[in-house]
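Labels on a structure deserve a challenge. Take each one, ask what it rests on, and check the value against the cut-off.

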Amino acid sequence: MSAVPVNHAAASPYAVELKDLRLSFGKTEIIRGANLAVAPGERVAIIGPNGAGKSTLFNLISGRFGPSAGEILLNGRRIDGKKPFEINRMGLARSFQITNIFGRLSVFENLRCGVLWSMGYRYSFWNRLSRLRDANDRADELMKMIKLDKKRDTLAMNLTYAEQRALEIGITIAGGADVVLLDEPTAGMSKSETRRFIELIREVTVGKTLLTVEHDMGVVFGLADKIAVLVYGEVIAFDKPDAVRANPAVQEAYLGSVLAEQQAGEGVKA
Ligand SMILES: Nc1ncnc2c1ncn2[C@@H]1O[C@H](COP(=O)(O)OP(=O)(O)OP(=O)(O)O)[C@@H](O)[C@H]1O
Ligand SMILES: [Mg+2]
């Protein structure tokens with residue numbers, strides 16, 4: 001047997017862990033004791049009714065809000081109470097339900113800004129030249145990943161909606177975060193755009209841990225390794241897609257009505 005020392009403090013089986021997390025706005029408790037443990041490399045879809053607290057949960061994990069109680073761990077380290085940029089520096093990046101790209105900058109410039117912003121913390125000022133070269137290379141690499149290399153010099157405001165969302169994902173992952181949070185990345189897309197976009201998300205998150213909020217059940221069941229069901233600020237189920245689909249509590253609280261609605265919707269469109 002080898003006697004390799006193990007650093008137990010750093011060793012954690014989870015990329016993201018929520019322990020009895022709570023958040024109140026005034027007298028109203030919005031997140032009510034949420035628990036979740038996401039393994040590294042897992043793709044997790046968070047589903048649940050409107051107003052269940054999905055975006056709020058992302059705001060907590062990314063540091064925009066501080067919890068009223070409970071713990072948030074990123075790769076085994078406490079991040080609750082830390083600032084968004086500190087959490088980002090520790091390897092977590094998020095996108096927003098509303099897009100936040102710069103319309104008057106080109107695709108390349110948007111990506112380069114994302115890269116430079118994330119590098120700012122790691123590079124000192126006398127390294128500026130190599131930093132710019134690295135940023136250009138990285139922006140080029142990201143542009144290929146999100147399949148916008150043919151639109152390099154197009155202003156972001158002149159891209160299609162789906163291309164803008166792709167650019168946003170590029171900016172989100174620019175800093176090389178290993179945990180990525182996407183809030184409704186396919187919102188507002190057509191079925192075919194959604195299908196392509198999910199493929200893109202799958203490609204750019206290979207080897208990363210993904211948490212995504214999603215309303216389209218087709219997307220959820222196609223993309224996610226596991227599904228977390230959030231209802232009234234609590235995770236009522238967290239399991240593989242088939243197990244979640246068959247869970248009577250989930251059927252009752254959410255899925256039954258949503259699946260019926262989406263199937264009916266597809267029937268009408270067809
Ligand atoms: N900053 C805030 N101040 C007060 N209440 C808030 C705030 N942000 C969210 N809420 C409330 O918290 C609840 C959860 O909102 P949240 O946006 O997290 O829901 P969601 O699950 O993301 O819903 P959707 O599916 O519609 O995006 C809602 O009742 C909302 O009104
Ligand atoms: Mg939301």
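**Salt bridges**

Q: What makes the pair K147 and E203 a salt bridge?
A: The closest N and O atoms of K147 and E203 are 2.7 Å apart. A salt bridge needs a side-chain nitrogen of Lys or Arg within 4 Å of a carboxyl oxygen of Asp or Glu. The pair therefore qualifies. This is a predicted model, where local features need pLDDT of at least 70, side-chain atom pairs count only at pLDDT 80 or more, and totals for chains, interfaces and linings use all residues. Residues are numbered from 1 along each chain as its sequence is written, chains are lettered from A and ligands numbered from 1 in the order written, and side-chain values use heavy atoms, without hydrogens and water.

Q: Why is K147 called exposed?
A: Its relative accessible area is 51%. Exposed means over 50%, buried under 20%, and partly exposed in between (1.4 Å probe, protein chains only). K147 therefore counts as exposed. Its partner E203 has 38%, so E203 is partly exposed.

Q: How do you know that K191 and D216 form a salt bridge?
A: Their closest N and O atoms are 3.3 Å apart. That is within the limit, so the label holds. The pair links distant parts of the chain: K191 sits in helix α6, and D216 in the loop between β8 (209-213) and α7 (217-223), 25 residues apart. Helices (H or I, at least four residues) and strands (E, at least two) are DSSP runs, numbered from the N terminus.

Q: Why is K191 called partly exposed, and why is D216 called buried?
A: K191 has a relative accessible area of 39%, so it falls in the partly exposed range. D216 has 18%, so it counts as buried. Elsewhere, salt bridges that share partners join K19, E71, R78 and D80 into one network.

Q: What makes E29 and R22 a salt bridge?
A: Their side chains meet at 3.3 Å, N to O. This is within the limit, so the pair counts. E29, at 31% relative accessible area, is partly exposed. R22, at 27%, is partly exposed too. A search of the whole structure finds 16 salt bridges.

**A buried Asp without a salt bridge**

Q: How do you know that D183 has no salt bridge?
A: The nearest side chain of opposite charge, R94, is 4.1 Å away. Lys and Arg count as positive, Asp and Glu as negative, while His and the chain ends are not counted. At 4.1 Å the limit is not met, so no salt bridge is assigned. D183 is buried and lies in strand β7 (residues 179-183).

Q: What joins the side chains of D183 and S55?
A: A polar contact of 2.7 Å joins them. Such a contact is a pair of N or O atoms within 3.5 Å; within protein, one must be able to donate a hydrogen and the other to accept it, and residues adjacent in sequence count only if both atoms are side-chain atoms.

**Ligand 1**

Q: Which residues come nearest among the 14 around ligand 1?
A: G51, G53, K54, S55 and T56 do. A residue is near a molecule or strand if one of its heavy atoms lies within 4 Å of it. By residue class, the shell divides into five nonpolar, seven polar and two charged. Here Ala, Val, Leu, Ile, Met, Phe, Trp, Tyr, Cys and Pro are nonpolar, Asp, Glu, Lys and Arg charged, and the others, Gly among them, polar.

Q: Which atom of N50 lies 3.0 Å from an oxygen atom of ligand 1?
A: A polar side-chain atom of N50 does. In A52 a backbone N or O atom lies 3.2 Å from a ligand oxygen. For E184, a polar side-chain atom is 3.5 Å from one. The protein covers 59% of the 640 Å² of accessible area that ligand 1 has on its own. Accessible areas come from the Shrake-Rupley method with a 1.4 Å probe; for residues, only the protein chains shown count as cover.

**Helix α1**

Q: Why is α1 called largely enclosed by the rest of the structure?
A: Seven of its eight residues are buried, so the description follows. The buried ones are K54, T56, L57, F58, N59, L60 and I61. Helix α1 (residues 54-61) also gives the largest share of the shell around ligand 1, three residues. Just after α1, G63 takes a positive phi of about 90 degrees.
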